Every structure is written in C-alpha cells, then in structure tokens.
Amino acid sequence: TAGQLLWKKDLGGAIRSRPLILDGMVAVTSYSSKLYILSLSDGSIAAEYRADAPIYSSPAYHDGRVFFGSNGGFLHAPALSMTEG
C-alpha cells in the first residue's frame, strides 16, 4: 500500500551519497569506505567494494562502469561482479 516501507538495509555507516539507479539495482557510497550495489526489489547486496578512505561523493555511471571519489583523494573505477538476489 502507498506509504508502506518496502525494505531497508543497514550498511554499517552513514550514507552521504545520492542513490544511483542501474538496471534493477541501486548504488550508494558510505562513510564506512564502501560502495554498495543493492537489488531494487529486496535490498540484498549484489556487489560491494572497499575504498581507501571514507566516501562522501555520489557514484556516477558510464558505459558499464561505476565511478566515485574518496576522501583519500582518489577517483575509483572498480571492476564489479554483480549477482542479484
């Protein structure tokens, strides 16, 4: 029903980014130094990547790759293997 929570996921740290929607997935970065790719349907983690430092930037997407900057001063373009569900 309208207004009912569909799911939520504890990612273990503050989320400073805007969610990025990708073909049935959502990507977010966290202050706990991780990029998470989650299933839109149930919030299960499809992929994750640990950066060198906390992340305040939102992820961006281009040509099959996710990009984000970390507070350590690096731009990251991780190779991700995603499995939904």
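Let us start at one residue: Thr 29 touches Ile 15, Arg 16, Ser 17, Lys 34, Leu 35, Ile 55, Ser 57, Ser 58, Pro 59 and Phe 68, leaving aside residues up to four places away in sequence. Contact here means heavy atoms within 4.5 Å. This is a predicted model, in which local features need pLDDT of at least 70 and side-chain atom pairs count only at pLDDT 80 or more, while totals for chains, interfaces and linings use all residues. Residues are numbered from 1 along each chain as its sequence is written, and side-chain values use heavy atoms, with hydrogens and water left out.

Thr 29 belongs to strand S2; strands (E, at least two residues) and helices (H or I, at least four) are DSSP runs, numbered from the N terminus. With 0% relative accessibility, Thr 29 counts as buried. Buried means under 20% relative accessible area, exposed means over 50%, and partly exposed is in between, using a 1.4 Å probe and protein chains only. The side chain of Thr 29 also reaches the backbone oxygen of Ser 57 at 2.6 Å.

Now for the rings. How many aromatic pairs does the structure hold? There are two aromatic pairs. In one of them, Tyr 31 and Tyr 56 are stacked, at 5.4 Å centre to centre and with 20° between the planes. Rings of Phe, Tyr and Trp (its six-membered ring) pair if their centres lie within 6.5 Å; planes under 30 degrees apart count as stacked, over 60 as edge-to-face and the rest as tilted. This pair links distant parts of the chain, 25 residues apart: Tyr 31 is in the loop between strand S2 (25–29) and strand S3 (34–39), and Tyr 56 is in the loop between strand S4 (45–50) and strand S5 (60–62). Tyr 31 is partly exposed, at 38% relative accessible area, and Tyr 56 is partly exposed too, at 42%.

The pair of Tyr 49 and Phe 68 has ring centres 6.1 Å apart and planes at 65°, so it is edge-to-face. Because Tyr 49 lies in strand S4 and Phe 68 in strand S6 (residues 65–69), this pair ties together parts that are 19 residues apart in sequence. Tyr 49 is partly exposed at 27% relative accessibility, whereas Phe 68 is buried at 2%.

Tyr 31 has a charged partner as well: the charged end of Arg 16 sits over its ring, 5.4 Å from the centre. A charge sits over a ring if NZ of Lys or CZ of Arg is within 6 Å of the ring centre and within 35 degrees of the ring normal.

Next, look inside. In soluble globular proteins, nonpolar side chains tend to be buried together. The largest nonpolar core has twelve residues, including Leu 20, Met 25, Ile 37, Val 66 and Phe 68. A nonpolar core is a set of buried Ala, Val, Leu, Ile, Met, Phe, Trp, Tyr and Cys residues joined through side-chain atoms within 4.5 Å. Strand S1 (20–22), S2, S3, S4 and S6 each supply at least two residues of the largest core. Another core, of five residues, lies apart from it, and among its members are Leu 11, Val 26, Val 28 and Tyr 36.

We finish with a sheet. Three strands form an open sheet in the order S5-S6-S7, with antiparallel pairing. Two strands pair if DSSP finds at least two bridges between them. The edge strands, S5 and strand S7 (75–76), each pair on one side only. Three bridges join S5 to S6, and Ala 60 stands opposite Phe 67 in S6. Their hairpin has two residues between the strands, and Asp 63 takes a positive phi near 50°. S6 and S7 pair over two bridges, with Phe 68 opposite His 76 in S7. The hairpin of S6 and S7 has five residues between the strands, and Gly 73 in the turn has a positive phi of about 95°.

Which side chains of S6 point to the buried face, and which to the other? Val 66 and Phe 68 point to one face and are buried, while Arg 65, Phe 67 and Gly 69 point to the other and are not. In the segment after S7 comes Ala 77, which touches Arg 65, Val 66 and Phe 67, not counting residues up to four places away in sequence.

Key:
A polar contact is a pair of N or O atoms within 3.5 Å; within protein, one must be able to donate a hydrogen and the other to accept it, and residues adjacent in sequence count only if both atoms are side-chain atoms.
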